[in-house]
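Visitor: Please give me a close look at a single part of this structure, the beginning of the chain. I should like a connected account of strand pairing, burial and aromatic contacts, with some indication of model confidence.

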Amino acid sequence: FWIFHLPNGEANVGLGILSSDVSAQKIKLRSVFDDYINNHPEVKERFKNAEAISKVEGWGIPLNSDANEYAGDQYLLIGDSGKFAEPFTGKGIGIAMYTAFLSIPTIKKAIAKNDFTAKTIKEFEESMELKYRSEWNRLVLAQNNFNKRWIFSPFVSLIDLKPVKKM
């Protein structure tokens with residue numbers, strides 16, 4: 001669940017659940033979203049005077065847990081196009097910006113050599129893999145095991161989490 005504050009007292013509010021979990025558990029996202037806003041003790045207080053200014057829409061967040069081939073002949077992918085959202089939380093703005101930053105040396109080199117083949121462009125993919133792959137793999141492992149209470153119970157007690165009504 002997120003709240004991104006926007007200008008004029010507005011906010012982008014959303015809920016993220018893995019598509020595979022939504023399908024397997026037949027989760028009704030809109031119901032979960034509404035229940036969270038209306039019934040979570042702290043969240044409902046924040047939204048008691050809120051008014052929706054647009055309809056609720058769904059959108060998938062491309063996670064890099066299985067991405068490959070994000071650079072090749074005459075292309076390199078950054079941000080969402082490269083599935084550069086962080087696999088555990090779905091955060092992606094920072095990584096998108098960093099992928100753009102990491103692409104600069106490769107793009108400069110390709111322009112200087114007038115060579116936009118996969119051989120030159122793949123350097124970007126290699127730098128991304130070097131920077132993020134081990135972290136992504138750890139986060140995918142955490143994501144896949146998050147529902148295993150024996151793993152996370154010792155840590156959850158360290159965080160002030162308030163339970164929500166189970167759907």
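Guide: A suitable point of entry is Ile-3, which stands opposite Val-13 of strand β2. The model is a predicted one, and this description should be read accordingly. Ile-3 and Val-13 belong to an antiparallel pairing, in which strand β1 (residues 2-5) and β2 are joined over four bridges. The two strands form a hairpin, with five residues between them. Within the turn, Asn-8 adopts a positive phi of about 65°.

The side chains of this region may be considered next. In general, side chains along a regular strand alternate between the two faces of the sheet. Trp-2 and Phe-4 form an aromatic pair, with 5.9 Å from centre to centre and 25° between the planes. The pair counts as stacked because planes under 30 degrees apart are placed in that class. Trp-2 is partly exposed, since its relative accessibility is 26%. Phe-4 also falls in the partly exposed class, on account of a relative accessible area of 45%.

Aromatic contacts also lead away from the hairpin. The structure holds four aromatic pairs. In one of them, the ring centres of Phe-1 and Phe-33 lie 6.4 Å apart and the planes meet at 40°, so this pair is tilted. The pair connects distant parts of the chain: Phe-1 lies in the segment before β1, Phe-33 lies in helix α2, and 32 residues separate them. With a relative accessible area of 34%, Phe-1 is partly exposed, whereas Phe-33 counts as buried because its relative accessibility is 12%. Phe-1 and Phe-33 form one aromatic cluster together with Tyr-36.

Phe-33 brings helix α2 into the picture. This helix spans residues 29-39, and its buried residues are Val-32, Phe-33, Asp-35 and Ile-37. The buried residues of α2 pack against β2 (11-14) and α3 (41-46). Strand β2 is thus paired with β1 and also packed against by the buried residues of α2.

As to confidence, the mean pLDDT of the protein is 77, and 74% of its residues reach 70 or more. Among the elements, strand β4 (residues 75-76) has the highest mean value, 90, and helix α6 (residues 149-156) the lowest, 48. Over residues 150-167 the pLDDT stays under 50, and for this stretch the model has 16 contacts beyond four places in sequence.

Terms used:
Residues are numbered from 1 along each chain as its sequence is written. This is a predicted model: local features need pLDDT of at least 70, side-chain atom pairs count only at pLDDT 80 or more; totals for chains, interfaces and linings use all residues. Side-chain values use heavy atoms; hydrogens and water are left out. Buried means under 20% relative accessible area, exposed over 50%, partly exposed in between (1.4 Å probe, protein chains only). Contact means heavy atoms within 4.5 Å. pLDDT is the predictor's confidence in each residue, from 0 to 100. Two strands pair if DSSP finds at least two bridges between them. Rings of Phe, Tyr and Trp (its six-membered ring) pair if their centres lie within 6.5 Å; planes under 30 degrees apart count as stacked, over 60 as edge-to-face and the rest as tilted.
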